[in-house]
Amino acid sequence: AAESFNYKKFFEMVGLKNKSPEDVKKVFHILDKDRSGFIEEEELKFVLKGFAPDGRDLSDKETKALLAAGDKDGDGKIGAD
C-alpha cells in the first residue's frame, strides 16, 4: 500500500544488516542502474521491483526518506561507501 514502506523493516527483511561489506556492494551495483557509482533518487524509486516482481514504485515521500537514510554526506545520492 502507498506510504506503507518502512526502510528499517525493509533492510531487516532483505537481510542487509547482516550482509558482509562485499555483499552490500553487490546489492549497491544492482541498484546503481546507470553505473554512475551512486544511487540517485530515480533509481531508489524502483527499488522494490528489484526484490519482487509485483513490487510497487515508492512514493516520492518514501523515496526521499530512503535516500536520506543512506545519504551520509547530504549530496542527494548514495555512494558505494
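Biologist: How many salt bridges does a search of the whole structure find?
Modeller: Five salt bridges turn up, and bear in mind that this is a predicted model.

Biologist: What makes Lys45 and Asp60 a salt bridge?
Modeller: Their side chains come to 2.6 Å, N to O, and the cut-off is within 4 Å, so the pair counts. The two sit 15 residues apart and link distant parts of the chain: Lys45 lies in the loop between α3 (41–44) and α4 (60–70), Asp60 in helix α4.

Biologist: Why is Lys45 called buried?
Modeller: Its relative accessible area is 17%, and buried means under 20%, so the label fits.

Biologist: How do you know that Asp23 and Lys26 belong on the list of salt bridges?
Modeller: That pair is at 3.8 Å, N to O, which is also within 4 Å, so it qualifies. Both residues are in helix α2, three residues apart, which means about one helical turn separates them.

Biologist: And which of the labels buried, partly exposed or exposed goes to Lys26?
Modeller: Exposed, as Lys26 has 54% and the label needs over 50%. Asp23, at 30%, is partly exposed.

Biologist: What about Glu62 and Arg56, what makes them a salt bridge?
Modeller: Their N to O distance is 2.8 Å, so they pass the 4 Å limit too. Glu62 is buried at 5%, while Arg56 is partly exposed at 24%.

Biologist: Why single out the phi of Arg35?
Modeller: Most residues other than glycine have a negative phi. Arg35 isn't a glycine, yet its phi is positive, about 55°. You'll find Arg35 in the loop between α2 (21–31) and β1 (38–40), and at 58% relative accessible area it is exposed.

Definitions and conventions: Residues numbered from 1 in each chain as written. Predicted model: local features only at pLDDT ≥ 70, side-chain atom pairs only at ≥ 80, totals over all residues. Heavy atoms only, no water. Helix = DSSP H or I, 4+ residues; strand = E, 2+ residues; numbered from the N terminus. Buried < 20%, exposed > 50% of the residue type's maximum accessible area, 1.4 Å probe, protein only.
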